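Dear colleague,

Please find the structure below. I should be grateful if you would look through it before reading the notes that follow.

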Amino acid sequence: MRQQHILLVGGRGHELPKAAALSLRHSMVQSPERANEAQAAAAARYAVLDYRNLDEVLPLARDWHAADPFDAVLSFTEYGLEPASRIAIDLGVPGGNLTAVLATRDKTRTRALLDRHGLSPVRHRLCATASDAAAFLDELDGQPLVLKPPSGGLSEGVYVVGSARQLAERWAWTAAVAGREAVLAEEFLTGPEYSVESVSRHGRHEVVMVTEKMTTGSPGFVELGHQAPARLDAGDRDAIEKLVLQFLDLIGQRTGPVHSELRLTPNGPRLIEAQTRVGGDQIWEMCQLVSGADQITETLSALLGLPDPPRVPKARAAAIRFFSHENVRIRHVDGVPEAERAPGVIRAVCTLRPGRQLGPLVSSDSRQGYVLCAGGSTEDAVAKAEAARDLVRVDAVPLAGTPAR
């Protein structure tokens, strides 16, 4: 019997053992910053290139497919979603999810779609200049706005503006990330923030976990931690799940995971953004631990016609806390082995090293590792994660002249 063969577009590598566990062969195209020898050694074929460039990646995929056919094309990473869908459609194999990808990769399209259907109303404006954003800020009557690159990721370039005085500087920060794109300005939503993990099979959707989120707050809202399951009453949970399921239908989601972010405002849940991939920050792993739902394996199985994997939760709750130092030079770090052995710890990853200079915390990639913990309840998991994080002791001195954000 022929062994099934998939093409993976990008990724951090956690897809590979899951494909191997299903006895799949895989080939991979990877970006230069994520490439490594272990990935190359495990792949039937491996290429390092800017896979966002279809003129480069599509001819390669066609040649590989002609020589050694693929049974599906997939990506579980943000910038690989569109090329993977386009390759799958071009080759005529499972993995095409282009309608949903395009509806979510560009946040202006997401807002336009929601507006057309009267779902999750949020005031917003696509701004070509800082003057456009200033006019929109005036219309909000003292309420802050959020500036976003329409197709950005990793929280890069997302800033809250509370006054005209702040606008010029924060517009420059966002515009630098957006490049040639106009900037999306939205009213700032208040209320606790959550992420919702879902998995779809051929157009049928299921919410598998809701997660609480912690961030740095204004102005940049870089994520500092997550915990699950979210502590919600039944009414709020039902409202969140209803919104997400309606949204998945609207975008035309077919098969695969979706990571949706929202706030529970005084007027009910409001969608912030969504991506047709698993949640970053190890949220995909937390989801598997707590719900038993392995979104990557379930997606592979659905696309390839394999049996659904069993769901076996390993913990009642999970929490993650990130190391998030900024504007300092590291002199000494200790306590990492103690953190690795602390109660409830699944993994501790710390990239802090003596001599390292850290600038401002501008995105998820600015952080310096994490502690992931399991617990008997959400409160217990949080307490264990924070206790383990605090075992890592960092001696650092401020960097002179670093601008605050």
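The notes below cover the protein as a whole and then one pair of helices.

This is a predicted model, in which local features need pLDDT of at least 70 and side-chain atom pairs count only at pLDDT 80 or more, while totals for chains, interfaces and linings use all residues. Residues are numbered from 1 along each chain as its sequence is written, and side-chain values use heavy atoms, with hydrogens and water left out.

The protein contains 13 helices and 19 strands (DSSP runs numbered from the N terminus: H or I of at least four residues for helices, E of at least two for strands). Its radius of gyration, taken over C-alpha atoms, is 21 Å, close to the 22 Å of the globule rule (2.2 Å times the number of residues to the power 0.38) for 405 residues, so the protein is as compact as a globular protein of that length. Of these 405 residues, 54% count as buried (under 20% relative accessible area, with a 1.4 Å probe and protein chains only).

Helix 3 (residues 54-67) packs against helix 4 (residues 81-91) at an angle of about 45°, and their axes lie 10 Å apart (axes are lines fitted to C-alpha atoms over the stretch in contact, and angles run from 0 to 180 degrees between N-to-C directions). The two helices are therefore oblique to each other (angles not under 35, not over 145 and not 65 to 115 degrees). Leu54, Val57, Leu58, Ala61, Arg62 and His65 in helix 3 meet Pro83, Arg86, Ile87, Asp90 and Leu91 in helix 4 (heavy atoms within 4.5 Å).

Yours sincerely

Notes: Buried means under 20% relative accessible area, exposed over 50%, partly exposed in between (1.4 Å probe, protein chains only).
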